[in-house]
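This report describes the strand arrangement of a single structure and the setting of one of its residues. The sequence and the structure are shown first.

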Amino acid sequence: MAKAKVPKRPTRDEFVLEEIGNQLVEAQQEQSEVVLTVWGREEATRGQIVKMDSRTGKVHVESNGETDKVPFMDIMSVNYPRD
């Protein structure tokens with residue numbers, strides 16, 4: 001039986017990664033709610049950035065008292081909720 005092919009994460013250049021990083025830092029400093037488009041997840045991750053762990057490369061997003069640790073490299077875009 002053939003192994004199912006997992007689609008590879010799209011590569012982004014350093015400018016895109018830097019821009020995402022800057023948006024995350026800004027959102028954390030302003031304590032803004034963000035909507036993250038995360039590679040491999042059907043639903044966007046929404047919440048407030050409470051920590052960016054450079055050691056693990058994960059961004060901690062808190063929503064409704066729960067923390068979701070999103071790998072930085074899986075974040076495709078950072079947006080602000082419209083409502």
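How many residues lie between β3 and β4 in the hairpin that they form, and which residue in the turn has a positive phi?

## The β3-β4 hairpin

In this predicted model, two residues lie between β3 and β4 in the hairpin, and the turn residue with a positive phi is Asn64, at about 55 degrees. Strand β3 covers residues 58-63 and strand β4 covers residues 66-71; their antiparallel pairing extends over six bridges. Within this pairing, Glu62 is placed opposite Thr67 of β4.

## The sheet and its helix

The hairpin strands belong to an open sheet of five strands, ordered β4-β3-β2-β1-β5 and paired in the antiparallel sense. Its edge strands, β4 and β5 (75-79), each pair on one side only. From one strand to the next, the twist averages 45 degrees.

Strand β1 (residues 33-38) runs antiparallel to β5 and is joined to it by four bridges. Here Val35 stands opposite Asn79 in β5. Helix α1, comprising residues 14-30, lies across β1, β2, β3 and β5, and runs at about 95 degrees to β2.

## The setting of Asp53

Asp53 is located in strand β2, which spans residues 45-53. Its relative accessibility is 13%, and Asp53 therefore counts as buried, the cut-off being under 20%.

The Asp53 side chain reaches the backbone nitrogen of Arg55 at 2.9 Å. When residues up to four places away in sequence are not counted, Asp53 touches Lys58 and His60.

Terms used. Residues are numbered from 1 along each chain as its sequence is written. This is a predicted model: local features need pLDDT of at least 70, side-chain atom pairs count only at pLDDT 80 or more; totals for chains, interfaces and linings use all residues. Side-chain values use heavy atoms; hydrogens and water are left out. Buried means under 20% relative accessible area, exposed over 50%, partly exposed in between (1.4 Å probe, protein chains only). A polar contact is a pair of N or O atoms within 3.5 Å; within protein, one must be able to donate a hydrogen and the other to accept it, and residues adjacent in sequence count only if both atoms are side-chain atoms. Contact means heavy atoms within 4.5 Å. Two strands pair if DSSP finds at least two bridges between them. Axes are lines fitted to C-alpha atoms, for helices over the stretch in contact, and angles run from 0 to 180 degrees between N-to-C directions.
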